[in-house]
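User: Please work through the structure shown below as a series of questions and reasoned answers.

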Amino acid sequence: MKAYRHYEMKLKQIERKTSETGMSPSDTLRVKGLVIMGKPIAEAIRSVKGEEESETMEISEKESHGDRYDVEKLRRIIRAQRSRLRNQGSTIERLKRERKSLLGKIRELEDEKSRLEKKLERIQYEYSKDLLLNRELSHKLKVIEKLQKKYADEKSRREALERDLDSLLQIRDMESSGDTTPIKIIETFTRDGIRRACSRWKIKTGDVLLLRSSEGGGSQTARILLDLGPRAIITEDKMSHQALEVFEGAEVPVIPVRSLHIGVHGDFGSVKTQDLNREIKKWKHRLNEKRKKEEEEELLKVITEYRAQRRRNHK
C-alpha cells in the first residue's frame with residue numbers, strides 16, 4: 001500500500017511537471033520509466049529532454065547536409081525509440097499489474113479489518129455476557145452461602161432443641177420415679193442467665209436449680225429467682241450476703257455443691273432424692289438454730305437495755 005501510494009504521488013507529480021514543460025505523452029512515459037528505475041524527477045526530465053534535443057539536432061544537421069544524411073542511422077534511431085516505447089509500455093503494464101495487486105491487497109486488508117472488527121465486537125459481547133454471568137453467579141453464590149449458613153444455624157438450633165427435649169423427657173422420667181431429683185442449670189446469676197434458663201428448661205415451682213456462677217447476683221436478682229418458686233438452690237461458689245438473706249427470709253435452701261453427689265446428664269444434672277432431702281433438712285435445722293440464736297441475742301439485748309433503764313430510774 002505504501003509503495004503504491006508512493007508511486008502514485010510521483011507519477012502525478014511527473015504528469016504535472018511534464019505538462020508544464022510541454023513534453024509529449026511519449027516523453028512523459030519515458031520520464032516515468034526513469035523515475036521508477038530510481039532517477040530523481042528533475043534529472044529524468046533533463047535526460048529525456050537532452051535525448052530529444054540531441055536527436056533533433058542530429059536530424060537537423062543531417063538535413064542541412066543532405067549529402068551526409070544517413071538513412072540507416074535514422075532507422076536505427078526509430079527502432080531504438082520504438083524499443084524504448086515497448087520497454088515503457090512493459091513498465092506501465094507492470095505498474096498496472098502491481099497497482100491491481102496492491103488494490104487487491106488493500107481489499108483483503110479491508111476485509112481482514114472488517115472481520116477483525118466483527119470478531120472484536122463478538123469478543124466484547126462475550127466478555128460483557130461473561131461479566132454479567134459472573135455477577136449473577138457471584139450473587140447466587142452469596143445467596144447459597146446465606147442459605148447454607150441459615151441451614152447450619154437451623155440445624156444447630158434443631159439439634160439443641162432435640163437435646164433439650166431429650167433432657168426434658170429424662171427430667172420428667174426422674175420426676176415420675178421419685179428416686180432421683182433432676183437439677184436444672186442456670187449458667188449465670190443474672191437477669192439474662194435466668195431468662196435463658198427459663199426459656200430452655202421451662203422452670204416451674206418446686207424445681208431444684210444449680211447456679212454455675214453466683215457472681216453479680218444481689219438481692220434484686222435473688223427476688224427474680226425466688227419468684228420462680230424453687231425448692232432448693234445449689235451453688236458452685238460463694239453467694240453474696242444480700243442474696244442469701246433473701247433466700248433465708250423465704251426459707252429457700254441454698255446448698256453448696258460439695259455437699260451432694262450430683263450426676264451429669266448432658267446439659268442437666270441429677271441427685272438422689274433422699275440425699276437432697278437430707279441436705280435440705282440440715283439447712284433448715286441450721287436456719288432454725290441461727291434464728292434461735294438471733295432471737296436469744298435480741299432478747300438479751302432487750303433485757304440488758306431494760307436493766308440499764310431501771311438503774312437509771314433508781315438513781
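User: Which residue in S6 stands opposite Thr-180?

Analyst: The model is a predicted one. In it, strand S1 (residues 180-188) and strand S6 (residues 268-272) run antiparallel and are joined by four bridges. Across this pairing, the residue in S6 that stands opposite Thr-180 is Lys-272.

User: In S2, what is the bridge partner of Ile-183?

Analyst: S1 also pairs with strand S2 (residues 208-213), in the parallel sense and over five bridges. Within S2, Ile-183 has as its bridge partner Val-208.

User: Through which helix does the chain cross from S1 to S2, and what is the handedness of this crossover?

Analyst: The link between S1 and S2 is a β-α-β crossover whose helical part is H5 (residues 191-201). The chain passes through helix H5, and the crossover is right-handed.

User: How far apart in space are Asp-179 and Lys-272, C-alpha to C-alpha?

Analyst: Asp-179 is located in the loop between H4 and S1. Leaving aside residues up to four places away in sequence, Asp-179 touches Lys-272 and Thr-273. Asp-179 and Lys-272 are 93 residues apart in sequence, yet their C-alpha to C-alpha separation in space is 6.1 Å.

User: Is Asp-179 buried or exposed?

Analyst: The relative accessible area of Asp-179 is 58%. A residue counts as exposed when this value is over 50%, and therefore Asp-179 is exposed.

User: What is the closest N to O distance in the salt bridge between Lys-149 and Asp-153?

Analyst: Both residues belong to helix H4 (residues 71-177), where they are four residues apart, about one turn of the helix. Lys-149 is exposed at 55% relative accessible area, whereas Asp-153 is partly exposed at 41%. The closest N and O atoms of this salt bridge are separated by 3.2 Å.

User: Which residue forms a salt bridge with Lys-204, and is that residue buried or exposed?

Analyst: The side chain of Lys-204 meets that of Asp-207 in a salt bridge, with 3.3 Å from N to O. Lys-204 has 38% relative accessibility and counts as partly exposed. Its partner has 4% relative accessibility, and buried means under 20%, so the answer is Asp-207, buried.

User: How many residues apart in sequence are the parts that the pair Glu-248 and Lys-290 ties together?

Analyst: Glu-248 and Lys-290 form a salt bridge whose closest N and O atoms are 3.1 Å apart. Glu-248 is in helix H7 (residues 241-249) and Lys-290 in helix H8 (residues 273-314), so the pair ties together parts whose separation in sequence is 42 residues.

User: Which residues do salt bridges that share partners join into one network?

Analyst: The structure holds 14 salt bridges. Where such bridges share partners, one network results, made up of Asp-275, Arg-278, Glu-279 and Lys-282.

User: What is the value near which phi of Glu-251 lies?

Analyst: Glu-251 is found in the loop between H7 and strand S4 (254-256), and is partly exposed at 43% relative accessible area. Most residues other than glycine have a negative phi. Glu-251 is a residue other than glycine with a positive phi, near 60°.

User: What accessible area do Leu-137, Leu-141 and Ile-144 have together?

Analyst: These three residues form a nonpolar patch on the surface. Among them, Leu-141 lies in helix H4 and is partly exposed, with 42% relative accessible area. Together, the accessible area of Leu-137, Leu-141 and Ile-144 is about 260 Å².

User: In what order do the elements of the protein run from the N terminus on?

Analyst: The protein contains eight helices and six strands. Read from the N terminus, their order is α-α-α-α-β-α-β-α-β-α-β-β-β-α.

User: What percentage of the residues of the protein count as buried?

Analyst: The accessible surface of the protein comes to about 22800 Å², and 52% of this surface belongs to carbon and sulfur atoms. Of the 315 residues, the part that counts as buried is 25%.

User: Among contacts between residues at least 6 apart in sequence, what percentage join residues at least 24 apart?

Analyst: One such pair in contact is Asp-179 and Lys-272, which are 93 residues apart in sequence. For the protein, the share of these contacts that join residues at least 24 apart is 59%.

Definitions and conventions
Residues numbered from 1 in each chain as written. Predicted model: local features only at pLDDT ≥ 70, side-chain atom pairs only at ≥ 80, totals over all residues. Heavy atoms only, no water. Salt bridge = Lys/Arg side-chain N within 4 Å of Asp/Glu carboxyl O. Helix = DSSP H or I, 4+ residues; strand = E, 2+ residues; numbered from the N terminus. Buried < 20%, exposed > 50% of the residue type's maximum accessible area, 1.4 Å probe, protein only. Pairing = 2+ DSSP bridges. Right-handed = clockwise from strand over helix to strand, strands pointing away. Contact = heavy atoms within 4.5 Å. Areas by Shrake-Rupley, 256 points an atom, 1.4 Å probe, with all protein chains shown as cover. Patch = residues over 30% accessible without salt bridge, like charges linked within 9 Å, V, L, I, M, F, W, Y side chains within 5 Å.
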